[in-house]
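Welcome! Please take a look at the sequence and the structure shown here, and then follow along as we walk through some of the details.

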Amino acid sequence: MNARLDHRKPLVFDTHELGRRPGALQRLTKTIEAPKDLGIQGVVGVPEGAPVELELRLESVMEGVLVTGTARASAEGECVRCLEPLELELEAHFQELFSYPDADDRGRVIAEPGDDAEDDEDRFFLEDGLFDLEPLLRDAVVLALPMQPVCREDCPGLCSECGVRLADDPDHHHDAVDIRWAALQGLAGTMTDGEKDEMSGAEAGVDEKQEK
């Protein structure tokens, strides 16, 4: 069962208008401020306090109230390829049955003996005609968001050698160096002009001996 609900909270809704009459419908449109940590933490999500537009359809059934809805908001995150900030439009759909506490007595199909306790862990309940949409909204938003967001589908990412953003410099490249000569190139870069002249003279002497 849910903890006692506060009807003043923006994501707590009242179903008394349906009157527990199977087939009764109620449609609601509401804009609320996003709660904290709405999304995939550390990856992408809706900033706390950002507007979230809700469209809800409440339908009374024998066992409780069937809630169907859509949430729309702007999510922010970071591109996993180039690490640039990004923003994307989120549209999350959800549907869940919020059961009456006495649903079994109102015609719900009784589970096999011993299954009730386990089933109740996965069920949502009404409390005094109220239901809390927040857990359902959080699950829907996580499922609607990409696990690896990108600023664009063809984002080339970052250079693996120097970290430059490749989208800003399409012709960016590094000259390939044969690893067998890399050490010699590094040595040449640290030598003085005199040392280079001495090495050149030594190489010339070796060539003359080879010719003789």
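In this predicted model, the closest cysteine sulfur to that of Cys 79 belongs to Cys 82, at 3.7 Å, which is too far for a bond. A disulfide would need the two sulfur atoms within 2.5 Å. Cys 79 is buried, and its relative accessible area is 0%. A second pair can be read in a similar way: from the sulfur of Cys 155 to the closest cysteine sulfur, in Cys 151, the distance is 3.7 Å, again too far for a bond. Cys 155 is buried as well, with a relative accessible area of 6%. How many disulfides does a search of the whole structure find? The search comes back with zero.

## Aromatic rings

Let us turn to the rings. A pair of aromatic rings is described by the distance of the centres and the angle of the planes. Searching the whole structure gives three aromatic pairs. In one of them, Phe 98 and Phe 124 have ring centres 5.3 Å apart and planes at 50 degrees, so this pair is tilted. It links distant parts of the chain, since Phe 98 belongs to strand S7 and Phe 124 to strand S8 (residues 124–125), 26 residues apart. Phe 98 and Phe 124 are both buried.

Phe 98 also forms a tilted aromatic pair with Phe 131. Because Phe 98 lies in strand S7 and Phe 131 in strand S9 (residues 130–132), this pair ties together parts that are 33 residues apart in sequence. Phe 131 is buried, as is Phe 98. Here are the two pairs side by side:

| Pair | Centre to centre | Angle between planes |
|---|---|---|
| Phe 98 and Phe 124 | 5.3 Å | 50 degrees |
| Phe 98 and Phe 131 | 4.6 Å | 35 degrees |

Stepping back, Phe 13, Phe 98, Phe 124 and Phe 131 form one aromatic cluster. Phe 13 has a charged partner too: Lys 30 lies over its face, at 5.0 Å from the ring centre. Another ring with a charge over it is that of Tyr 100, where the charged end of Arg 20 sits 3.8 Å from the ring centre.

## The nonpolar core

In soluble globular proteins, nonpolar side chains tend to be buried together. Here, the largest nonpolar core has 34 residues, and those touching the most other members are Val 46, Val 52, Leu 54, Phe 94, Phe 131, Leu 133 and Leu 137. At least two residues of this core come from each of S3, strand S4 (44–46), S5, S6, S7 and H2. Which element gives the most to this core? That is S6, with five residues.

Leu 133 is a good place to look around. Apart from its neighbours within four places in sequence, Leu 133 is in contact with Leu 11, Phe 13, Leu 54, Leu 56, Val 67 and Phe 94.

## One face of a helix

Helix H2 covers residues 134–144, and its buried residues are Leu 136, Leu 137, Ala 140 and Val 141. Why do they line one face of the helix? Viewed down the axis of H2, the buried residues fall within an arc of 130 degrees, so they line one face. Among the elements covering them are strand S3 (38–40), strand S5 (51–60), strand S6 (64–78) and strand S7 (85–99).

## Spots in the loops

Some loop residues are worth a visit too. Ala 24 is placed in the loop between strand S1 (12–14) and strand S2 (25–33). Is Ala 24 buried or exposed? Ala 24 is buried, with a relative accessible area of 13%. Its C-alpha atom is separated by 5.3 Å from that of Ser 60, although the two residues are 36 residues apart along the chain. Beyond its neighbours within four places in sequence, Ala 24 is in contact with Leu 18, Leu 58, Glu 59 and Ser 60.

Finally, consider the backbone angle phi. Asp 37, found in the loop between S2 and S3, has a phi near 60 degrees, a positive value in a residue other than glycine. Asp 37 is partly exposed, with a relative accessible area of 46%. Asp 128 is in the loop between S8 and S9, and its phi is also positive, near 55 degrees. Asp 128 is exposed, with a relative accessible area of 53%.

Definitions and conventions
Residues numbered from 1 in each chain as written. Predicted model: local features only at pLDDT ≥ 70, side-chain atom pairs only at ≥ 80, totals over all residues. Heavy atoms only, no water. Buried < 20%, exposed > 50% of the residue type's maximum accessible area, 1.4 Å probe, protein only. Helix = DSSP H or I, 4+ residues; strand = E, 2+ residues; numbered from the N terminus. Arc of directions from axis to C-beta. Contact = heavy atoms within 4.5 Å. Phe/Tyr/Trp six-rings, centres within 6.5 Å; stacked < 30°, edge-to-face > 60°. Lys NZ or Arg CZ within 6 Å of the ring centre and 35° of its normal. Core = buried A, V, L, I, M, F, W, Y, C linked by side-chain atoms within 4.5 Å.
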